[in-house]
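Let's take a walk through a protein model together, one region at a time. Keep the 3D view open and turn it as you read.

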Amino acid sequence: MPELAEVEHGRCVVHALAVGRRIEEAWIDEDDIVVESVGAAAVRDALHGATVTGTGRHGKQMWIELDRKPWLGVHFGMTGGFRTRGDLPLQLENSPQEVDRSWPPRFSKMVLGFEGGAQLAFTNARRLGRLRLRDDPANSKPINKLGYDPYKTLPSPEQFKKRLARRGKAPVKALLLDQKFAAGVGNWIADEVLYQARLAPTRTVGSLSDEEFERVRLKIRSIVKTAVRVQARKDRFPKGWLFHHRWGKEAGAKVKGKPIQFDEVGGRTTAWVPAVQH
DNA sequence: CTCAGTGTTCAGTG
DNA sequence: TCACTGAACACTGA
């Protein structure tokens with residue numbers, strides 16, 4: 001679930017549900033891996049009785065702003081997500097197949113109850129996500145080391161190329177996965193960018209022409225924008241995206257009649273189409 | 001029983 | 001120090 005678009009949707013859900021409301025109940029799981037260093041009690045104390053004043057996101061990292069410090073940083077890891085009860089605008093609802101009536105949901109790490117009765121749960125089955133306390137999340141630990149956020153920013157071609165200095169030997173797939181380059185791009189977005197930009201994932205950064213860099217720069221932007229616009233709902237991603245065919249490494253998988261190949265590049269399983277990517 | 005996996009981090013290498 | 005790689009982390013679902 002969690003690349004830039006999924007996290008942005010999660011942020012919108014929290015924003016609609018929580019901003020302007022006081023947290024009347026806060027339950028935090030005793031999980032010293034997901035709850036970073038400070039412990040569940042400290043997180044509960046930070047949240048209980050506070051009023052949510054806003055939300056923010058950079059790349060795959062997001063945070064919840066309160067009327068006092070510290071604020072809450074949230075990272076999804078591979079399996080994190082939000083679930084809600086009550087008060088959610090219809091347009092932000094998940095697709096029917098994602099709806100699960102159980103409450104609190106399985107693998108909850110945090111459950112908040114707001115004045116007015118709405119509830120918010122953060123789930124994280126594989127415990128690679130994090131809940132952390134920060135006075136200024138945008139300018140501290142994980143976030144201040146990240147690259148540009150392609151949903152908020154489009155670097156000029158010159159700025160874009162400047163970010164690539166000294167990265168010449170890496171395969172372009174590895175570059176796209178690097179959060180210090182473009183924050184929020186994960187495995188499926190990287191593959192989609194390379195497919196639509198018609199570049200083989202193994203091409204080294206140093207081998208790309210200006211025109212090829214330009215295709216990458218613009219595709220990162222358009223794919224992220226499109227995925228966010230449809231609220232990260234896969235069933236609404238444009239027909240013709242590699243995304244719909246990349247799962248499961250199915251033998252004989254094709255996009256637009258061309259066979260998909262699966263290789264490990266940049267340390268991740270990479271789906272690509274040799275017939276169109278060079 | 002085995003293994004991949006929409007992510008991040010850290011040790012190790014050159 | 002830097003660029004880069006690969007393994008580790010954790011654990012569910014296939």
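Start at DNA strand C, which has 14 residues around it; Arg127, Arg166, Arg167, Lys169 and Ala170 come nearest. What classes of residue make up the surface near DNA strand C? That surface divides into 6 nonpolar, 3 polar and 5 charged residues. As you look at these residues, please keep in mind that this is a predicted model.

Now let's turn to the sheets. Strands of a sheet pair through backbone hydrogen bonds, and they can do so either parallel or antiparallel. In one sheet of this model, 4 strands follow the order β2-β3-β4-β8; the sheet is open and its pairing is antiparallel. Which strands form the edges? They are β2, covering 52-58, and β8, covering 130-134, and each of them pairs on one side only. On average, neighbouring strands in this sheet are turned by 20 degrees against each other, if direction is ignored.

Zoom in on two strands of this sheet. Strand β3 spans residues 61-66 and strand β4 spans residues 71-75, and 4 bridges pair them in the antiparallel sense. You can find one such partnership yourself: Gln61 has His75 of β4 as its bridge partner. The loop between β3 and β4 is worth a stop too, for Pro70 is found there. Pro70 is joined to Lys69 by a cis peptide bond, with an omega of about 0 degrees.

Two helices lie across this sheet. Helix α1, made of residues 4-18, lies across β2 and β3 and runs at about 175 degrees to β2. Helix α2, made of residues 40-47, lies across β4 and β8, and its angle to β8 is about 60 degrees.

Next comes another sheet. Here 4 strands form an open sheet in the order β1-β6-β7-β5, again with antiparallel pairing. Why do β1 and β5 each have one side without a neighbour in the sheet? β1 (23-28) and β5 (80-85) stand at the edges with a single partner strand each, so one side of each is left free of a neighbouring strand. Neighbouring strands in this sheet are turned by 15 degrees against each other on average, direction ignored.

Within this sheet, look for strand β6 (residues 108-114) and strand β7 (residues 119-124), which run antiparallel and are joined by 5 bridges. Across this pair, Met110 stands opposite Phe122 in β7. Helix α1 turns up here as well: α1 packs on the sheet and touches β5, β6 and β7, with its direction making about 30 degrees with that of β5. Helix α2 also packs on this sheet, where α2 touches β1 and β6 and makes about 170 degrees with the direction of β1.

Follow the chain into the loop between β5 and β6, and you will meet Pro104. A cis peptide bond joins Trp103 to Pro104, and its omega is about -5 degrees. Phe107 lies in the loop between β5 and β6 too. Although Phe107 is not a glycine, it has a positive phi of about 65 degrees.

Finally, let's see how some helices pack on each other. Two packed helices are described by the angle between their axes and by the distance between the axes. Helix α5 (residues 187-196) packs against helix α6 (residues 210-229) at an angle of about 125 degrees, and their axes are 9 Å apart. That angle is why α5 counts as oblique to α6. The crossing of α5 and α6 is right-handed. On the α5 side, Ile189, Glu192, Val193 and Gln196 make the contact, while α6 brings Val216, Lys219, Ile220, Ile223 and Val224. Sorted by class, the residues of this contact of α5 with α6 are 6 nonpolar, 1 polar and 2 charged.

Helix α6 has a meeting with α1 as well: the axes of α1 and α6 come within 9 Å and cross at roughly 35 degrees. The crossing of α1 past α6 is right-handed. Leu4, Ala5 and Glu8 of α1 meet Val224, Ala227 and Val228 of α6 in this contact. What does the contact of α1 with α6 look like by class? It has 5 nonpolar residues, no polar ones and 1 charged one. To close the tour, find Val224 again: Val224 belongs to the contact of α6 with α5 and to the contact of α6 with α1.

How values were computed. Residues numbered from 1 in each chain as written. Chains lettered and ligands numbered in written order. Predicted model: local features only at pLDDT ≥ 70, side-chain atom pairs only at ≥ 80, totals over all residues. Pairing = 2+ DSSP bridges. Axes fitted to C-alpha atoms, helices over the stretch in contact; angles between N-to-C directions. Contact = placed C-beta atoms within 7 Å. Parallel < 35°, antiparallel > 145°, perpendicular 65-115°, else oblique. Left-handed = near helix turned anticlockwise from the far one by under 90°. Nonpolar A, V, L, I, M, F, W, Y, C, P; charged D, E, K, R; others polar. Near = placed C-beta within 6 Å.
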